[in-house]
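Dear colleague,

Please find below the structure that I am handing over to you. A description of what was found in it follows directly after.

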Amino acid sequence: MSDASLAPLSPHSFDREAAAHLLRRLQFGVRPDEIERALAEGLDATLERLLTVQPESAEFQRGEAALRQTAYAASSIVSLKSWWLYRMLHSSNALREKLTLLWHNHFATSYAKVNNVPQMAAQNDLFRRHAAGDFHELLHAVARDPAMLVWLDGNANRRRHPNENFAREVMELFALGIGNYTEHDIQEAARAFTGWQLRDGAFWFNAAQHDAGTKTVFGKSGQFEGNAIIDLCLEHPACPRFLALKILRMFVTDQPVESLIAKVAAALTRSKLNVKPALRELFASAEFFAPEHRVGLIKSPVDLVVGTLRTSATRITLPAAAEVLARLGQDLFEPPTVKGWEGGRQWMQTSTWILRWNFATELIDGRGNLATLRSELWSDGKDQPDAWELAYLGRVQPEVRASIAMHWESTASMTAEERARSVLRFLWTLPEYQLG
Amino acid sequence: MSFPATRREFLKVLGATSLVSLNGLPPRCLSAALVDDRARPDQRVLVLIQLAGGNDGLNTVVPYAEDAYRRARPALAIGEGSVLKLNEQFGLHPSLTGLRKLWDAGRLGIVHGVGYPHPDRSHFRSMDIWHTANPDVTQPQTGWVGRTLDVSAESSHGLREAVAIGLDRLPLALVGNRVVSPMIKNLDAFRLNEPEGKSPLRTTAWQQAASANSDAGSELDFLRRSAAASLASADRLKSLGKTYNSSVDYPSTGLAQRLRLVAQMIAAELPARIYFVSLDGFDTHAQQLPGHAALLSELSEAVSAFVADLEEHALSQRVLTATFSEFGRRLAENGSLGTDHGAASSLFVVSPNRGGMFGQPPSLSDLDDGDPKFTTDFRRVYAAFLENWLQVDAAPALGGQFAPLDCV
């Protein structure tokens, strides 16, 4: 097994472009003023700030509570989507929301089958509570989460024993990934899960239904019950690798190389599956800032919509934004299958390219049905387009810089507002803008 | 002809004449995208028409001469005098006049006795089986088309996209582990909203930036190529919308309008090569005759118009259209002048030139719990669509080897 570790980024490498890259990945979009702040504070202090849960403003707490209340009272998943979007747009803890989304994708559970708004909200809260925490706690908690139990019960096939399905999900989808267990492991694990039931919307262990005999899983024998199986999965060497892959595909690159997966897996093993220390190591590493990794992700619909709205818009109509997400292929609370959203290049099809361009047009030329551009974009008196180029696109090739400059020149006779709209339209339609 | 035949016309559609005059050479990436994306004339399309509810195959392709048929259906049997005779044993339901014409033109294929072992008579379960091509999978997650695209999308000239039209949920058949196929209701899904005179996509500066060199295989390279391809598709559709002329009068029924959309998208040479539409209502447990007749009429008229339209645009050689349903219905009628869930049934394949009957018609006396036994596994039909027609490997879709039926 490789001992290779992530190498820390040398401090003088944390320049303006590096700061922009870090923030783009750990937040939803990035504003020029945020880049300057990170540059001034330095990498370590910035990471400490982003990885530590900050208090939310009173206004945010009021807004969040009101939306949650509406969703519960009306039992409306549309309202719950608005609630989560509000959090993503306005929370002081963007990374925590991104991690919540990562877990939502990892433990993909759909409202389409669960059909219960409070249960979906509770599951979402669970992901948030353990977002950068101990994966042991998260996995154990998810295994008993009512929405998850309904989802897997609802998906329980009609031929095999329901718990074999559950055992398979835990191994294949939650902890280890395909190829790291045998069918025999699943059958034995299924015996251990007997008695695990859902009653009155909550987890219930029915001892009378439990097979208390000896089982052998991953070569180990014992009178295992469900929790013991989960622990065995957590101890399995495939677990940190599996998590490493998910983390890398969310924050670094759609196609991580083996050595990078191994390094992040090693970090997770060292941290005993505590996510925060491993993330800190990753985000402070030279690997994270490698040139190919800065252009290695394609924006998910959430990245695009939330990132653009948060940095550049106001008076946002949340349900309309949720609708855009759905049409782009990422309907919150309704992942397409238990495997979640594959992401990467799969986000980009003929129809979704057109929708992404239309989204930009709607913001810039629309009548405000979705949102209104922030007037600070042109009234702050700052000369552009360099700061915008860095914030929206990151480092670009010389030809692209030249094109942006050409377009900027061509808008010289426009008013500040017209000019801003024209240049933003230019930037937001470039292929580069779809890089995460 | 409704789509640009020459490269100059094509570039004019893109609004890129200024681009051509710059250096005299179009940027490398854009021209590469032109080659990759436009479906070449020999690229074939598959159109799937789902008949949801369980189509009564016995009253669709009628074994009018068999006593067992008439005896089992005193009220519902279609009589010899009413069927549109195809041969000495079978005739089509009288509503299927359009399909009869396709039969006469040698374009209608009929596959008999299609089903699978241990038939499931639950709509939900059996439709899952047809969509996933896997009777054994217990928690279906992906479909046969989705899995095909997962693999074929890797190759640069391969199948990349499928489209579902007029549905609320993406059909399981199209769900892949990686691929996300769009669902569309109308061509608005491909309508690029561009502010008059202000669209950056048409400026020299933008096009230069969007076609700069990138590292092959990088995400940026993929984004530039797919952007160019998508823009080209949107422009073709827009241009087509203005010039799409068809002397064909499509009926105003839902299916016909959806197939009309498909025809337009095929004519616009969108990258999608598999299209999925559905016609609902076939669960005829009671008072079957009038409802079934209306549905079959809708099917027949819609498919006829579609084929005629493709013919007019010189596209019909490229398109294979097939129907499928989650099961047939029981041989015996029930007490409500209807029929109940069955198992094996026939299906239609409309091809450029391979008409005729395929597979073995099931016996109407040796039944499986009151239903005709299947004689052709449906996966052999899928194998034919994939390997014989689309010329891609069927193994990802079917998870095993199934000899393609020679219906294609």
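In this predicted model, chain A is split into two domains: domain 1 takes in 95-108 + 117-294, and domain 2 takes in 301-434. The centres of domain 1 and domain 2 of chain A, taken over C-alpha atoms, lie 34 Å apart. Where the two touch, 11 residues of domain 1 of chain A are in contact with 12 residues of domain 2 of chain A. On the domain 1 side of that contact, α6 (94-106) and α11 (162-175) of chain A each supply at least two residues. The helix that gives the most to this side is α6(A), with three residues. By character, the residues on the domain 1 side divide into four nonpolar, three polar and four charged.

As for chain A as a whole, it holds 24 helices and six strands. Its C-alpha atoms fill a box of roughly 80 × 55 × 40 Å, taken along the principal axes. A compact globule of 436 residues would have a radius of gyration near 22 Å, and the 23 Å of chain A agrees with this.

Two helix packings in chain A share the helix α5(A), and I describe them together.

The first is with helix α4 (residues 58-74) of chain A, which packs against α5(A) at an angle of about 165°, the axes being 8 Å apart. Angles over 145 degrees count as roughly antiparallel, and α4(A) and α5(A) are therefore roughly antiparallel to each other. Their crossing is left-handed. From α4(A), the contact is made by Phe60(A), Gly63(A), Glu64(A), Leu67(A), Arg68(A), Thr70(A), Ala71(A) and Ala74(A). From α5(A), the residues involved are Ser79(A), Leu80(A), Ser82(A), Trp83(A), Tyr86(A), Arg87(A) and His90(A). The residues of this contact divide into seven nonpolar, five polar and three charged.

The second is between helix α5 (residues 77-90) of chain A and helix α8 (residues 117-129) of chain A, which pack at an angle of about 20° with their axes 10 Å apart. Angles under 35 degrees count as roughly parallel, so α5(A) and α8(A) are roughly parallel to each other. Here α5(A) passes α8(A) in a right-handed crossing. The contact is made by Ile77(A), Leu80(A) and Trp84(A) of α5(A), together with Val117(A), Met120(A), Ala121(A) and Asn124(A) of α8(A). Six of the residues in this contact are nonpolar, one is polar and none is charged. Leu80(A) is listed both in the contact with α4(A) and in the contact with α8(A).

Turning to chain B, I note one helix pair there. Helix α10 (residues 254-267) and helix α11 (residues 288-312) of chain B pack at an angle of about 20°, and their axes are 9 Å apart. That angle makes α10(B) roughly parallel to α11(B). The crossing of α10(B) past α11(B) is right-handed. On the α10(B) side, the contact is made by Leu255(B), Ala256(B), Leu259(B) and Ala263(B). On the α11(B) side, the contributors are Glu298(B), Leu299(B), Glu301(B), Ala302(B), Ala305(B), Phe306(B), Asp309(B) and Leu310(B). Nine of the contact residues are nonpolar, none is polar and three are charged.

The remaining item is the interface between the chains. Here 41 residues of chain B are in contact with 43 residues of chain A. On the side of chain B that touches chain A, the elements giving two or more residues are α8 (204-210) and α9 (219-243) of chain B. The largest share of this side, 10 residues, comes from α9(B). The residues of this side of chain B divide into 23 nonpolar, 11 polar and seven charged.

With kind regards

How values were computed
Residues are numbered from 1 along each chain as its sequence is written. Chains are lettered from A and ligands numbered from 1 in the order in which they are written. This is a predicted model: local features need pLDDT of at least 70, side-chain atom pairs count only at pLDDT 80 or more; totals for chains, interfaces and linings use all residues. Axes are lines fitted to C-alpha atoms, for helices over the stretch in contact, and angles run from 0 to 180 degrees between N-to-C directions. Helices (H or I, at least four residues) and strands (E, at least two) are DSSP runs, numbered from the N terminus. Angles under 35 degrees count as roughly parallel, over 145 as roughly antiparallel, 65 to 115 as roughly perpendicular and the rest as oblique. A crossing is left-handed if the near helix is turned anticlockwise from the far one by less than a right angle, and right-handed if clockwise. Two residues are in contact if their C-beta atoms, placed from the backbone, lie within 7 Å. Ala, Val, Leu, Ile, Met, Phe, Trp, Tyr, Cys and Pro count as nonpolar, Asp, Glu, Lys and Arg as charged, and the others, Gly among them, as polar. Domain bounds come from an automatic or database domain assignment. The radius of gyration is taken over C-alpha atoms; the globule rule is 2.2 Å times the number of residues to the power 0.38.
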